Every structure is written in structure tokens, then in C-alpha cells.
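The following exercises are to be worked with the sequence and the coordinates at hand. Please attempt each task before reading its solution.

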Amino acid sequence: MEETKAAIRLRIRAGREERHRTGGEASRRVQRRALLSAWWAVLAQLGLDPASPSLLPALFVPTDREPDVSAILLAHPRSLLPVLVDGDGHALAGPAWGRHTPGSALSAPSPRRPAQPGGPPLGPQALGEADVILVAALAVDEGGSRLGQGGGWYDRAL
């Protein structure tokens, strides 16, 4: 019998929790550097100049149990980030984005959601402005199929 998505998510989250608990800050620093290096390589393969001030990546703010892509976020002078909830912490009806620059404040209106840029959210069409999109995923298989957290947010956005 095939493992259900819910069971796969539980198994992956348990493994991440264990690695987070035992990893330590040194391990997280190595991971951040490795992810940034891989990001630069992907941009080069796509023919994008990572130093270009006009480059607009769509990124995400990781939760404490997701791979730490904060170095990627800080490496770009501007980016689009997902906006998942309104100022009161209520889930938005559909995908939205916000503009972010390093050093600008991110708000956390919901303890169960990642931080997001303040200001009025942009609709899903804003994603069309991005030169490259880094999609959050719980897991990706060898065929490139993505398993998300279960809400369908990225599926609807893309």
C-alpha cells in the first residue's frame, strides 16, 4: 500500500525535527553557505547575473524547521515574498506577495506562519514580475514532483 501524503509529511517532519534538535548552529551555518552556493550556481545556469540590481527573485522566509535560505534572501537588494495572512493573522483567500528589501522589517502576524513583508499585499499576478522563483517544499522526489505543506498555496500561485 502506498504511503499517504499525510504519512510522508509526518515522517519528513520528524526527521527534520531530529536534525534540527541535534544539528547546532555550526551545522546551520554550513547549510546556509551550501544553499547560497547552490543558488548562485542555479542562477548562472539560468543565465541570470546574481549581482544585477534589476534581478527580482521570488523567495520565501523559512520557518525554524525549514532549510535556512536567509543568506539567499539577504544576498538580493529586493525580492518578492509570500504574504499568507492579513494583519490580524487570518489566512488570505488566495496567493499574495509583498516586496522586501534586506533590513526592512518582516512581520509575524501568525505564530504558525512564516514572517512576511508589511504593507499592502500584491496579488498573484506580481509573481509574473519575478525573474526566478525559489519554491518552498517539504520534499521533492527524483522526478521533480514537489510535496508541499498541504495548503496548496504555491500550486495556486504558480
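Conventions come first, followed by four exercises with solutions.

**Conventions**

The model is predicted: local features need pLDDT of at least 70, side-chain atom pairs count only at pLDDT 80 or more, and totals for chains, interfaces and linings use all residues. Residues are numbered from 1 along each chain as its sequence is written, and side-chain values use heavy atoms, with hydrogens and water left out.

**Exercise 1. Strand pairing**

Task: Determine in which sense S2 and S3 pair, and over how many bridges.

Solution.
1. Helices (H or I, at least four residues) and strands (E, at least two) are DSSP runs, numbered from the N terminus; two strands pair if DSSP finds at least two bridges between them.
2. S3 spans residues 97-100 and pairs with S2 in the antiparallel sense, over four bridges.
3. Within this pairing, Pro-82 stands opposite Trp-97 of S3.
4. In a regular strand, side chains alternate between the two faces of the sheet.
5. In S2 (residues 79-82), Ser-79 and Leu-81 point one way and Leu-80 and Pro-82 the other way. All are buried, where buried means under 20% relative accessible area, exposed over 50%, and partly exposed in between (1.4 Å probe, protein chains only).

**Exercise 2. Two histidines**

Task: Establish whether His-76 is buried or exposed, and which side chain makes a polar contact with that of His-100.

Solution.
1. His-76 lies in the loop between helix H2 (70-74) and S2. Its relative accessible area is 1%, so His-76 is buried.
2. A polar contact is a pair of N or O atoms within 3.5 Å; within protein, one must be able to donate a hydrogen and the other to accept it, and residues adjacent in sequence count only if both atoms are side-chain atoms. One such contact, of 2.8 Å, joins the side chains of His-76 and Trp-39.
3. Contact means heavy atoms within 4.5 Å. Beyond its neighbours within four places in sequence, His-76 touches residues including Trp-40, Leu-43, Pro-50 and Pro-102.
4. His-100 belongs to strand S3 and is buried, because its relative accessibility is 5%.
5. The side chain of His-100 has a polar contact of 3.1 Å with that of Ser-104. With neighbours within four places again set aside, the contacts of His-100 include Leu-73, Pro-77, Ser-79 and Leu-106.

**Exercise 3. Sequence separation and spatial distance**

Task: Find how far apart in space the C-alpha atoms of Arg-156 and Pro-95 are, and do likewise for Lys-5 and Gly-148.

Solution.
1. Arg-156 is in helix H3 (residues 153-157) and, at 48% relative accessibility, is partly exposed.
2. Its C-alpha atom is 6.8 Å from that of Pro-95, 61 residues away along the chain. Contacts of Arg-156 outside four places in sequence are Ala-93, Pro-95 and Gly-151.
3. Lys-5 is placed in helix H1 and counts as exposed, at 56% relative accessibility.
4. Lys-5 and Gly-148 are 143 residues apart in sequence, and 9.5 Å separates their C-alpha atoms.
5. As a further case, Ala-14 of H1 (residues 5-45) has its C-alpha atom 30 Å from that of Pro-57, at a separation of 43 residues along the chain.

**Exercise 4. The second largest pocket**

Task: State which residues are the closest to the centre of the second largest pocket.

Solution.
1. The second largest pocket holds about 280 Å³ of space.
2. It is lined by 14 residues, and the closest to its centre are Arg-19, His-20, Arg-28, Gln-31 and Glu-66.3. Here a pocket is, on a 1 Å grid over the protein atoms alone, an open set of points where a 1.4 Å probe fits, with protein on both sides within 12 Å along at least five of seven lines; lining residues have an atom within 4 Å of a point. The volume is the space filled by probe spheres set on the points.
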